[in-house]
Amino acid sequence: MKVIFFGTPQFAVHTLEKLLAHPNMEVLGVVTQPDKRRGRGNELIPSPVKKIALAHNLPVWQPARVKKHTKTLTQLKAANADVFVVVAYGQILSSEILEMPRLGCVNVHGSILPKYRGAAPIQWCLCAGETETGITTMQMDSGMDSGPMLLKAYTSIGLVDHAYQIGEKLAIQGAELLIETLLKLDRGEVSPIPQSEEEATYAPLIQKSDYLLDWSNSAKALHDRVRGLYPNCVATFRGKALKIMATVPLGDAYFSALPPEYSGIHSAIANNWSTLSTLTGSPGEVLTVIKNIGPIVQTGDGLLLLKEVQLTGKRVQSGWDFANGTRLKPGEAIENG
């Protein structure tokens, strides 16, 4: 099967590598976003997908607007590909492009459609506190992730899983599902299923304001925001930005859901929960600091342990090291972002 691959970030790399390794697939070339300037030297950095393409001596197209770039459109059509595979490419494809391949354009999307259509499905799924997500392959149409669905694969979400961890799981899962989808599609063994517009939800691009934490929200909502938008959520401490990297919502409902590596936290807090649960304060107030564990903060509903943080200009550190280094005392406030 002759394939042209559209993709840009690390999430797409697993699928491209899977296609390159498969004996029944021939990748004719890659379409990816233009190189971007990054770092102190302001150097042009290629996308992760482009790096893989160059390592395999594949042709690479990088138009700023693919649907308007006549030369690229002409070359894509002349390639006579069987299918275009699209994974987090970052541009909307025109009807002209969608109609070029024999099998159309197949997209690997990081959610169980029709929920979480859009640019950031993994992040918003976690922010919403979902306990399950997955991958959907679909035939693309002119809408935003609204095309008919082909195959789905599911994965569970643990209480402390964050966006990078789930993204890596889904990238691997998506690569496997894409191969299965293409083989079944070519043999006529899969029937596209229209999406329900009534059940559709959206996962828009993340804005800077989304990272700002508000302690009047519940402990669970704050925890889900921190892991969903990992590692960028921000509060304020003594007038400076404080990144909140990892948290644990406290209570009987959550203790049993903690993974084995959190056993120290579980025993230190759960064994004293009858006393800790009686503490109260204003949202953002540090109620106590648990030795070797970290500070416990009052929220709008429930208590939240700060497991890992990063002060401006400092390295990432445990909540306990942060409390020690700043001589944090009960009664002090960690303010909104």
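Start with lysine 184 in this predicted model: the residue is partly exposed, at a relative accessible area of 25%. Its salt-bridge partner is glutamate 180, with the side chains meeting at 2.9 Å, N to O. Glutamate 180 is partly exposed too, with a relative accessible area of 35%. Both residues sit in helix H6, and because they are 4 residues apart there, about one helical turn separates them.

That contact is a local one, inside a single helix. Now take arginine 238 and glutamate 332, whose side chains form a salt bridge of 2.7 Å, N to O. Here the pair links distant parts of the chain, 94 residues apart. Arginine 238 comes from the loop between strand E10 (234–237) and strand E11 (240–249), while glutamate 332 belongs to the segment after helix H11 (319–326). How accessible are the two ends? Arginine 238 has 47% relative accessibility, so it counts as partly exposed. Glutamate 332, at 22%, also counts as partly exposed; the cut-off for buried is under 20%.

Glutamate 197 and arginine 117 give you another salt bridge, at 3.0 Å from N to O. Glutamate 197 lies in the loop between helix H6 (163–186) and helix H7 (219–228), and arginine 117 in the loop between strand E7 (105–109) and helix H5 (121–127), so the contact ties together parts that are 80 residues apart in sequence. Is each partner buried or exposed? Arginine 117 counts as buried, at 1% relative accessibility, whereas glutamate 197 counts as partly exposed, at 46%.

If you search the whole structure, you get 11 salt bridges. Some charged residues join up into something bigger than a pair: Asp82, Arg102 and Asp186 are linked in a network of salt bridges.

Next, go back to the loop between H6 and H7, where tyrosine 202 lies. Which residues make a nonpolar surface patch with Tyr202? They are Ile92 and Met144, and the patch comes to about 340 Å².

On to the rings. A pair of aromatic rings is described by the distance of the centres and the angle of the planes. The count for this model is 5 aromatic pairs. Phenylalanine 6 and tyrosine 89 are one of them: their ring centres are 5.5 Å apart and their planes stand at 85°, so this pair is edge-to-face. The cut-off behind that label is an angle over 60 degrees. The pair links distant parts of the chain, with phenylalanine 6 in strand E1 (residues 2–7) and tyrosine 89 in the loop between strand E6 (83–87) and helix H4 (95–98), 83 residues apart. Both phenylalanine 6 and tyrosine 89 are buried.

Phenylalanine 255 and tryptophan 273 make an edge-to-face pair as well, at 5.6 Å centre to centre and 90° between the planes. Phenylalanine 255 sits in helix H8 (residues 252–255) and tryptophan 273 in helix H10 (residues 273–276), and the two are 18 residues apart. With 7% relative accessibility, phenylalanine 255 counts as buried, and so does tryptophan 273 at 14%.

One last stop takes you back to the phenylalanine in strand E1. Which residues do ring pairs link into a cluster? Phe6 and Tyr89 are in it, together with Phe84.

Note on methods. Residues numbered from 1 in each chain as written. Predicted model: local features only at pLDDT ≥ 70, side-chain atom pairs only at ≥ 80, totals over all residues. Heavy atoms only, no water. Salt bridge = Lys/Arg side-chain N within 4 Å of Asp/Glu carboxyl O. Buried < 20%, exposed > 50% of the residue type's maximum accessible area, 1.4 Å probe, protein only. Patch = residues over 30% accessible without salt bridge, like charges linked within 9 Å, V, L, I, M, F, W, Y side chains within 5 Å. Areas by Shrake-Rupley, 256 points an atom, 1.4 Å probe, with all protein chains shown as cover. Phe/Tyr/Trp six-rings, centres within 6.5 Å; stacked < 30°, edge-to-face > 60°.
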